[in-house]
Amino acid sequence: MKYTRENEQIENLCELAGALEKRVKTVKLQIFRIQLTVMKETGTIRVIICRRECIEPMKVILASDHGGVNLRREVADVLTDLQVDFEDIGCDCESSVDYPDYAIPAAERVASGEFDKAILICGTGIGMSISANKVKGIRAALVHDLFTAKVTREHNDSNVLCMGERVIGPGLAKEIAKTWVSTDFEAGRHERRVSKIAEYENK
Ligand code: RB5
């Protein structure tokens, strides 16, 4: 292709589009679709930026009990790297606390719509998941491998991720958190199944 000023501009715009797409994939902003059209007659480039959906970035609430403090800090680093907007509600203490005191308020803030998702960590992840799942509208998944991290988002539209600091190492946990926040719900046939859970909750 002959090098022209227009070509250079297209390259720059494609780079921008690529960077935005990458950001979309990473933090699920899903904001824009960029369409580039070269107007041959005039030699100009038309750029159409279409808004796909609301420009609300994903908001995550993060919490742990004393058994999950260290892993919670590692997960906070992952969310920071991914530029995910998150609030860390503790606990900050090294002394013993009760996991429902963290799981339930965090889950309630997801159920109310204040946050899109929660990541909850305790020693096993079990106490956090049992507690969070008591809150109407919450689909908490206890995850310790990459396959279920991905599939629980695709199939269950899980809105809470629970992990156990005493179960897995930080390397795997960080990859799980990354996969979970950046995987979309597949909807389709899964929508019907998830709706049945909501129907039961609303009886
Ligand atoms: C706390 O010792 C521990 O029971 C808690 O972190 C969690 O594993 C409960 O499910």
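**View 1. The exposed and buried sides of helix 2.** On one side of helix 2 sit D77, T80 and D81, and these are exposed. The buried residues of this helix are L71, R72, V75 and L79. Looking down the axis of helix 2, you'd find its buried residues within an arc of 100°, so they line one face of the helix. That fits the usual geometry: an α-helix has 3.6 residues a turn, so residues three or four places apart point the same way. Keep in mind that this is a predicted model. The cover over the buried residues of helix 2 includes strand 3, strand 4 (85–88), strand 5, strand 7 and helix 6.

**View 2. Helix 2 end to end, and the residue that follows.** Here's a quick sanity check on the helix: at 1.5 Å a residue, the 13 residues of helix 2 should span 18 Å, and the end C-alpha atoms are 19 Å apart, which agrees. After helix 2 comes Q83, in the loop between helix 2 and strand 4. Its phi is near 60°, a positive value in a residue other than glycine. Is Q83 buried or exposed? Q83 counts as exposed, because it has 12 C-beta neighbours inside 10 Å.

**View 3. The largest nonpolar core.** There are 40 residues in this core, and the ones touching the most other members are V60, A118, L120, A132, V160 and C162. Elements giving two or more residues to the core include strand 3 (59–64), helix 2 (69–81), helix 3 (100–111) and strand 5 (117–122). Helix 4 (126–132), strand 6 (140–142), strand 7 (160–164) and helix 6 (170–181) are also among them. As a general backdrop, in soluble globular proteins, nonpolar side chains tend to be buried together.

**View 4. Zooming in on V60.** Leaving out residues up to four places away in sequence, V60 touches L79, V84, F86, F115, D116, K117, A118, I119 and V181. One of these contacts, L79, is also a buried residue of helix 2. Another, A118, is listed alongside V60 among the core residues that touch the most other members.

**View 5. Helix 5 and its buried face.** Helix 5 covers residues 146–156, and its buried residues are A149, T152 and R153. Down the axis of helix 5 they fall within an arc of 95°, so they line one face of the helix. What do the buried residues of helix 5 pack against? They pack against strand 6 and helix 6. Just past the end of helix 5, D157 takes a positive phi of about 50°.

**View 6. Around the ligand.** The residues surrounding the ligand are D65, G67, Y99, C122, G123, T124, I126 and G127. Sorted by class, this shell has 3 nonpolar, 4 polar and 1 charged residues.

**View 7. Backbone oddities in two loops.** The peptide bond from G90 to C91 is cis, with omega near 10°. C91 is in the loop between strand 4 and helix 3. Elsewhere, A187 has a positive phi of about 55° although it isn't a glycine. A187 lies in the loop between helix 6 and helix 7 (189–201), and it counts as exposed because it has 11 C-beta neighbours inside 10 Å.

**View 8. Zooming back out to the chain.** The secondary structure comes to 7 helices and 7 strands, in the order α-β-β-β-α-β-α-β-α-β-α-β-α-α along the sequence. Of the 203 residues in the chain, 28% are buried. Among contacts with a separation of 6 or more, 65% are between residues 24 or more positions apart.

Technical notes:
Residues are numbered from 1 along each chain as its sequence is written. This is a predicted model: local features need pLDDT of at least 70, side-chain atom pairs count only at pLDDT 80 or more; totals for chains, interfaces and linings use all residues. A nonpolar core is a set of buried Ala, Val, Leu, Ile, Met, Phe, Trp, Tyr and Cys residues joined through C-beta atoms within 7 Å. A residue is buried if 20 or more other C-beta atoms lie within 10 Å of its own, exposed if 12 or fewer, and partly exposed in between; C-beta atoms are placed from the backbone. Helices (H or I, at least four residues) and strands (E, at least two) are DSSP runs, numbered from the N terminus. Two residues are in contact if their C-beta atoms, placed from the backbone, lie within 7 Å. The arc is that of the directions from the helix axis to the C-beta atoms. A residue is near a molecule or strand if its C-beta atom, placed from the backbone, lies within 6 Å of it. Ala, Val, Leu, Ile, Met, Phe, Trp, Tyr, Cys and Pro count as nonpolar, Asp, Glu, Lys and Arg as charged, and the others, Gly among them, as polar. The expected span of a helix is 1.5 Å times one less than its number of residues.
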